[in-house]
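Welcome! Open your viewer, get comfortable, and let us walk through this model one selection at a time.

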Amino acid sequence: MQVIHWFRHGLRLHDNPSLLNAVKKCTGEDASLINVYVLDPKFDLNPNKLSENRLWFLLETLRCLDDKLRDKGSKLFVCMGNPETVIPTLVKVNKAGFLTYERQTEPHNVARDRKIKDALQNESVEVEAVLGHTLFNPDHLLKLNGGKPTLNMTGFQTLVSKAGAPKKPKETPDSLPPFPKSIQSPGVKVFDDVPSLADFKDLGFDEKNKTCVINAGEDSAIKTMEAFLKQTNRVLSFEKPQTNPTSLEPDTTALSPFMSNGSLSCRLFYWNLMDVYAGAKKHSTPPVSLEGQLLWREMSHLIGYSTPNFGQMVGNPICRQIPWKEPTEDKEAKKMLDRWENGKIGFPAVDAVMNQLTTQGWMHHLARHLAACFLTRGDLWITWEAGAAVFEKHLLDADWNINNFSWHWLSCSAFFHQFFRCYSPIAFFKKTDPHGAFIRKHVPELAKMPDKFIYEPWLAPRATQEACKCIIGKDYPNPPFDHSVALKENLGKMKEAFAANKEAKSDGGPKAKKSKKG
DNA sequence: ATCGACGTTGTTTCC
DNA sequence: GGGAAACAACGTCGA
């Protein structure tokens, strides 16, 4: 039988249940397996949606996957096109009897997979999708919780305690079935080898912008995980809020890029972590522990799966409706958004983390908080949707569920409501980086600025600016406003928005019905 | 209905 | 320098 395994995420050989399903079906003399990845020009190959760093990381992960597949007697066919047409075409012309892929739960991916299944319903192909990207089955969790997701970690922990232990990781296949010499693919571009960034120059990707330095692929993922887990004290005492956002090397595990594309299995990480916990007298606990970090990931996936329009404000039932500035309609807001994205807003801490994002494709969690709070409720009053798009474009660990979850949180649109707790672009990093080493690294213009002015260079006297070869307003921008003034104004606007939402809720909600009855 | 405790991770001031 | 309290005060949940 001809079997096709479609890799989407789950870019690994270890703990890959749907790949194992494909392998199991490959019995008999004529059985063969086509492993395929489809690059979608609308998403993966769109330079407006994906930075060079992100595309490079994806291609490099695919190259590592292909290497590993070849070691086991298989290979990866990389195609280009819309999966909604590519996959049905490949199934039909290659007369595949079995199609496997790892299930995705984001509504847009669910809709795409539904269309593909529909397109294949008259074919004699069996389609099997298996969960492999999360610890728990979201359908199971929803059922246990009366059809609704939990919206805070305490509730989620209670829910998880009823769900039973996550599955143990599956074995890695010793060998893989043979593959056809070439695959039939009318109208579909198939690359001979996994393409590189240079192959997409014509689409607008510039190799010069590939600046991130990271080893991709599942071997690196496992190596990174094992190196971290070996540091027993660090693992046992891990508390996320205590980790340092201004550390020049990641103070956290930095496993997220591997986790998001599935070159590392979250179940492997979970159970390896449990082994470390098992050998210890005591360890930190959720929500701040390493286990807690996995639970946050789980909860955001559950919410993303079960909340309509979770990627936007309008039509999203858990999202507070706030009159943000829309860069698509407001020229000044667009200008500010661009300055924010490009590290030219004039507040060194914000510019430093945004520059880290665009050059490394990664930021510490708290750095993301600072940047997100600044864009939305703290300073610029710009819609979180615009910020989420920027993060999604640049972050190697981009994950639709987690990204939207975090932007809801930081903008006080859902989950977190204490809008008077606000990050200061001047004060926040001083706690961990009083001399501004992080700023100096990521905003080189300010490298020679004295400590006294590193977070507020506009206060430096002209002579100081000249001495350190950084004239504010010329070599490095002036901030567009006084933070404390903007903050005060925004706090007032938040208060208004909260009141308006409360009113809207009681108008259409159960309270109104009650008063009608009574 | 009302109140108090709680919610992963704020800032400033004062000792 | 570290730690505690003041600052101003959100929604949600359960007693």
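Which residues surround DNA strand C? Select Arg 320, His 417, Gln 418, Phe 419, Phe 420, Phe 498, Lys 502 and Lys 505, and you have them (a residue is near a strand if one of its heavy atoms lies within 4 Å of it).

Before going further, a word on the ground rules. This is a predicted model, in which local features need pLDDT of at least 70 and side-chain atom pairs count only at pLDDT 80 or more, while totals for chains, interfaces and linings use all residues. Residues are numbered from 1 along each chain as its sequence is written, chains are lettered from A and ligands numbered from 1 in the order in which they are written, and side-chain values use heavy atoms, with hydrogens and water left out.

**Stay with strand C.** Zoom in on Lys 505: one of its polar side-chain atoms lies 3.4 Å from a phosphate oxygen of DNA strand C. Of the strand C atoms within 4 Å of the protein, 72% belong to sugar or phosphate, and the rest to bases.

**Next, select DNA strand B.** Here 18 residues surround the strand, and the closest are Pro 241, His 365, His 369, Cys 422 and Ser 424. Sugar and phosphate account for 40% of the atoms of DNA strand B within 4 Å of the protein.

Now look at three polar contacts (pairs of N or O atoms within 3.5 Å):

- Pro 241 has a polar backbone atom 2.8 Å from a base oxygen of strand B.
- His 365 places a side-chain N or O atom 2.7 Å from a base oxygen of strand B.
- Cys 422 has a polar backbone atom 3.1 Å from a sugar or linking oxygen of strand B.

Colour α6 (153-163) and α14 (365-378) too: these are the elements that give two or more residues to the surface near DNA strand B. Helices here are DSSP runs of H or I with at least four residues, numbered from the N terminus.

**Now move to Gln 356.** You will find Gln 356 in helix α13 (residues 348-360). Is Gln 356 buried or exposed? Gln 356 is buried, with a relative accessible area of 3%; buried means under 20%, using a 1.4 Å probe and protein chains only. Leaving aside residues up to four places away in sequence, Gln 356 touches Gly 361, Trp 362, Met 363, His 364, Phe 438 and His 442, where contact means heavy atoms within 4.5 Å.

Definitions and conventions. Buried means under 20% relative accessible area, exposed over 50%, partly exposed in between (1.4 Å probe, protein chains only). A polar contact is a pair of N or O atoms within 3.5 Å; within protein, one must be able to donate a hydrogen and the other to accept it, and residues adjacent in sequence count only if both atoms are side-chain atoms.
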